[in-house]
Amino acid sequence: MNLPNKLTMMRMIMIPVIVIVYLFPYEACGIHPIVWNIGGVELSIINVIALVIYILAAVTDALDGHIARSRNLITTFGKFADPIADKLLTTTMFLMFASRGIISVVPVIIMVCRDTIVDGCRMAAANNGKVVAAGMMGKCKTVLQMVTVALVLLNNLPFELIGLPFTTILLWLAALVSAISGIQYFNQCKDDIMESI
């Protein structure tokens, strides 16, 4: 297994680690994590630890693609596993936040539905020997999602100090861009999808 694929696998392994760190029942086990109060906004050390792991995972996302392209180490496994690792990471984080009522579930549903449709489009195109590359809107969606996750873990700091719900704005923007990019993917693959109707 080459280095980019190892980084992709490392990102996948980090996902259950973040879940355990974030959802572990500390209070039930008699553990009282440190909580800082920053200008009236509480920030738990659990969130900070989860954020550090998340940032490391996001860095591996940037690194594996760069290394694969620059060293000509692009593999079929990498093409398969890299986008899956990205979606698993962001979707898992959003589902955890929604399950705790921290964010609205509606934008999460929009993003999950979009990913499902895009995967179907790619499969239809692949059946005809076509590869659908990630478009600019898709890349913007990924960046917006990653920044949103980081801000949720920071409890919207520093924007919460001035009463600006920037995390919520970014979340809905990510859902909007996600939907638009999904429509673009569908339009690219429309002929492949509709050919057997």
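**Figure 1. Helices α2 and α3 pack side by side in this predicted model.** Helix α2 covers residues 45-70 and helix α3 covers residues 76-99, and the two pack at an angle of about 160° with axes 11 Å apart. Angles over 145 degrees count as roughly antiparallel, so that is what α2 is relative to α3. The crossing of α2 past α3 is left-handed. On the α2 side, the contact is made by Tyr54, Ala57, Ala58, Asp61 and Asp64, while α3 brings in Asp82, Asp86, Leu89, Thr90 and Met93. Sorted by class, this α2 and α3 contact has five nonpolar residues, four charged ones and one polar one.

**Figure 2. α3 also packs against α5.** Here the angle is about 35°, and the axes are 10 Å apart. This crossing, too, is worth a look for its hand: α3 and α5 cross in a left-handed way. From α3 come Thr90, Met93, Phe94 and Phe97, and from α5 come Gln145, Met146, Thr148, Val149, Val152 and Leu153. The class count for α3 with α5 is seven nonpolar and three polar residues, with no charged ones. Thr90 and Met93 take part in this contact, and both are also listed on the α3 side of the contact with α2.

**Figure 3. A look into the largest nonpolar core, which has 34 residues.** The residues with the most contacts inside this core are Ile18, Tyr54, Met93, Phe94, Phe97, Ile103 and Leu153. Helices α1 (3-23), α2, α3, α4 (105-127), α5 (136-153) and α6 (166-194) each supply at least two of the core residues. Some of these names have come up already: Tyr54 and Met93 sit in the contact of α2 with α3, while Phe94, Phe97 and Leu153 belong to the contact of α3 with α5.

**Figure 4. Close-up on isoleucine 18 and what it touches.** Once neighbours within four places in sequence are set aside, isoleucine 18 is in contact with Ala50, Ile53, Tyr54, Leu89, Met93 and Met96. Among these partners, Tyr54 and Met93 share with Ile18 a place on the list of residues with the most contacts inside the core. Leu89, another partner of isoleucine 18, is one of the α3 residues that meet α2.

**Figure 5. Arginine 114, a buried residue in helix α4.** The relative accessibility of arginine 114 is 6%, so it counts as buried. Leaving out residues up to four places away in sequence, arginine 114 touches Lys87, Gly138, Lys141, Ser178, Ala179, Ser181, Gly182 and Tyr185.

**Figure 6. Methionine 9 of helix α1 and its partners far along the chain.** Methionine 9 and alanine 85 are 76 residues apart in sequence, but their C-alpha atoms are 7.8 Å apart in space. With residues up to four places away not counted, methionine 9 touches Met1 and Phe77. The relative accessible area of methionine 9 is 28%, which means it is partly exposed.

**Figure 7. Unusual backbone in the loop between α5 and α6.** Most residues other than glycine have a negative phi, and most peptide bonds are trans. In this loop, asparagine 155 has a positive phi of about 55° without being a glycine. Asparagine 156, found in the loop between α5 and α6 as well, has a positive phi near 65°. As for exposure, asparagine 155 has 29% relative accessibility and counts as partly exposed, whereas asparagine 156 is buried at 5%. A little further on, the peptide bond from leucine 157 to proline 158 is cis, with omega near 0°. Proline 158 lies in the loop between α5 and α6.

**Figure 8. Stepping back to the whole chain, with its six helices and two strands.** Starting at the N terminus, the order of elements is α-β-β-α-α-α-α-α. The C-alpha atoms fill a box of roughly 55 × 35 × 30 Å along the principal axes. Of the 197 residues in the chain, 40% are buried. Among contacts with a separation of 6 or more, 77% are between residues 24 or more positions apart.

How values were computed:
Residues are numbered from 1 along each chain as its sequence is written. This is a predicted model: local features need pLDDT of at least 70, side-chain atom pairs count only at pLDDT 80 or more; totals for chains, interfaces and linings use all residues. Side-chain values use heavy atoms; hydrogens and water are left out. Axes are lines fitted to C-alpha atoms, for helices over the stretch in contact, and angles run from 0 to 180 degrees between N-to-C directions. Helices (H or I, at least four residues) and strands (E, at least two) are DSSP runs, numbered from the N terminus. Angles under 35 degrees count as roughly parallel, over 145 as roughly antiparallel, 65 to 115 as roughly perpendicular and the rest as oblique. A crossing is left-handed if the near helix is turned anticlockwise from the far one by less than a right angle, and right-handed if clockwise. Contact means heavy atoms within 4.5 Å. Ala, Val, Leu, Ile, Met, Phe, Trp, Tyr, Cys and Pro count as nonpolar, Asp, Glu, Lys and Arg as charged, and the others, Gly among them, as polar. A nonpolar core is a set of buried Ala, Val, Leu, Ile, Met, Phe, Trp, Tyr and Cys residues joined through side-chain atoms within 4.5 Å. Buried means under 20% relative accessible area, exposed over 50%, partly exposed in between (1.4 Å probe, protein chains only).
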